[in-house]
Each structure stands twice: as structure tokens, then as C-alpha cells.
Amino acid sequence: MAFTACRGNSDASVYSGTMDWKLFRGDPSLSGYTDKNLPNNPILKWTYKGENRTVSSPIVDNGTTYWCDKRGRVRGVDIRGELAFEYDLQTAVEATPMIYDSTLYIGRIDGFMTAISLARKDTVWNYETMGQISASPNLMKFGGRKAIVFGSYDNILYCLNAENGEELSQFESGYYLNGAAALWNGHVIFGGCDACVRIIDCKTGIQTDSLILDAYVPASPAVMGDYCYIGDYSGNIYKLMLENGKIIRHKK
């Protein structure tokens, strides 16, 4: 597995402003959208080769790129291509990490969600679920506290206190949760391997709406404005129009 970084030869505006990408797809709505422009003529700046294969995406915090390989070794490479952070979870990992307030959160195949202090290079807390965690956590507000939300192969969507890992709420779905949950207007939207897309109220933890698709949903929704886009395993893409916690229209 290798990472590469590129630079342009003329457009200085590429370097202005923040270039952070601290969670999967870049924002809590999982839109994957950015208004940053790539240079017209990118030039290879550095390459970093890891020891093992990775299936998760990298994230970026303060110029350092973080990822975790399948054997559980978390690495951070700075803007010069030099190793700046390393931590060994000593267990298999497929999920993309998330960073908030100098803490890296990452799900593991053995069912644990782990919070790691980037400053101390030490585990802050672990929370055990009864199934593997394959997707990135997301950040939300629950009961006035910063919380992380994620799904597990034990069919449950969890909401934990980001500071100490205390469970705040959980919602049981019909089957495995393989993708990440997207945030929209105080609600969480996610799909599951029971072929169902669900909307959960962040304040109450209660489901406000759901929609059965043609096949199971292994991936994560993307939300832009009041529209949600999600695909199923049959190859269909759905556009859902959202309003007041409900799916008011949908189109395949």
C-alpha cells in the first residue's frame, strides 16, 4: 500500500485556507463535496509505502494524513511525506478513522470502537459491540454533548459520548450495519443489510421514517441540502427528498 501527494506549479490558491478532511467523505452529511480546486498540472511531491494492505480511506488533520492498515497499524504522514504518528491496535481494521479535538476514533473488526489521543499516542477509551465495525463513525450532538454515532454487525446503531465512550443511546435495526451514518438537520440517516433506509431523531433516538429498497445496502448515504442519495446491492441509486424527519418523495 502506498500514498502519494502532489503539488501544482502555479496556483498558490490551492494552499489557502483549511485542507482538513477529518472524517469519511469530508463532512457529517457524507456529501464528499469540496470547493477546493486541484492544480492544473499536479506534480508528484512524495510517496509513502506502508507495510500492509489497507481498505479504508485516509483522512487529513493539520496537514497530516492518517490511515489504518488491515493489521491495525495507524500511521500519520506529514505534508513532507515523513512519518509523524504511529500506533498499533494489534487487531484487524477496515474502517476509515475520524478525528475530532485531537482524538482519533476508529472501529475495529473485533467489534471495538477505540478513541486514541494523537498527542499522547495512547488509548483514551474502548467500547465493545457484539459485531465487527466496518465503517467510519460520525459526529453529532446528543443531549447537549458531543457524541459519535456508528453501526455494528450486531445490527445496532450506537451513540457514544465522544469524551469518555459512555453509551448515550442505541437503535436496533434488522440486520448488519456496514455503512456509515449521515447527519441531516438533527437526524441520522443510514442504510442496512436488511435493505432498509432509516431516519433517526438525534434528540430522542426514535425512528421518524424508513424506506425498504430493492436489495441490501452495504454503503453509506450522501446528503446534499434536503436530498439523500443512496445505492443498494442490485446497482440501483435512489434519490430521497427529506422534510421534517420524513422521506416525502423518492425516485429510483
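This tour moves through the structure one selection at a time and states what is found at each stop.

The model is predicted, so local features require pLDDT of at least 70 and side-chain atom pairs count only at pLDDT 80 or more, while totals for chains, interfaces and linings use all residues. Residues are numbered from 1 along each chain as its sequence is written, and side-chain values use heavy atoms, with hydrogens and water left out.

**Stop 1: strands β8, β9 and β10**

Select residues 112–117, which form strand β9. Strands here are DSSP runs (E, at least two residues), as helices are (H or I, at least four), numbered from the N terminus. Five of the six residues of β9 are buried; buried means under 20% relative accessible area, exposed over 50%, and partly exposed in between, with a 1.4 Å probe and protein chains only.

Add residues 103–107, strand β8, which runs antiparallel to β9 and is joined to it by five bridges. Two strands pair if DSSP finds at least two bridges between them. Within this pair, Ile106 stands opposite Thr114. Four residues separate β8 from β9 in their hairpin, and Gly111 in the turn has a positive phi of about 95°.

Next add residues 122–128, strand β10, which is antiparallel to β9 and joined to it by six bridges. Ala115 of β9 faces Trp125 of β10 as its opposite residue. This hairpin also has four residues between its strands, and Lys121 there takes a positive phi near 55°.

**Stop 2: the open sheet β11-β12-β13-β14**

Display the four strands that form an open sheet in the order β11-β12-β13-β14, with antiparallel pairing. Strands β11 and β14 are the edges, each pairing on one side only. From one strand to the next the twist averages 25°, with axes taken as lines fitted to C-alpha atoms (for helices over the stretch in contact) and angles running from 0 to 180 degrees between N-to-C directions.

To inspect one pairing, select β11 with β12 (residues 145–151), an antiparallel pair joined by five bridges. The bridge partner of Asn138 in β12 is Val149.

From Asn138, step across to Ile99, whose C-alpha atom is 9.6 Å from that of Asn138 although the two are 39 residues apart along the chain. Ile99 belongs to strand β7 (residues 98–100) and is buried, at a relative accessible area of 5%.

**Stop 3: the cavity**

Which residues lie closest to the centre of the largest cavity? The whole structure contains one cavity of 30 Å³ or more, and the largest cavity holds about 110 Å³ of space. Leu157, Cys159, Ser169, Ile200 and Gly205 are the closest to its centre, out of 14 lining residues.

On a 1 Å grid over the protein atoms alone, a cavity is a set of points where a 1.4 Å probe fits but cannot get out; a pocket is an open set with protein on both sides within 12 Å along at least five of seven lines, and lining residues have an atom within 4 Å of a point. Grid points are joined across faces, edges and corners, and a volume is the space filled by probe spheres set on the points.

Colour β11 (138–142), β13 (156–161), β14 (167–172) and β17 (196–201), each of which supplies at least two residues of the cavity lining. By class, the lining has ten nonpolar, three polar and one charged residues. Nonpolar covers Ala, Val, Leu, Ile, Met, Phe, Trp, Tyr, Cys and Pro; charged covers Asp, Glu, Lys and Arg; the others, Gly among them, are polar.

**Stop 4: the cysteines**

The structure holds zero disulfides, a disulfide being a pair of cysteine sulfur atoms within 2.5 Å. Select Cys159, which is buried at 5% relative accessibility; its closest cysteine sulfur, in Cys202, is 7.6 Å away, too far for a bond. Cys196 is likewise buried, at 4% relative accessibility, and its sulfur lies 12 Å from the closest cysteine sulfur, in Cys193, too far for a bond.

**Stop 5: the second largest pocket**

The second largest pocket has about 200 Å³ of space. Among its 16 lining residues, Phe24, Glu94, Ser134, Ala135 and Asn178 are the closest to its centre. Its lining comprises six nonpolar, eight polar and two charged residues.

**Stop 6: two asparagines with positive phi**

Finish with Asn62, in the loop between β3 (59–61) and β4 (64–68), where phi is near 50°. Asn62 is exposed, at 65% relative accessibility. Asn155, in the loop between β12 and β13, has a phi near 80° and is buried, with a relative accessible area of 17%.
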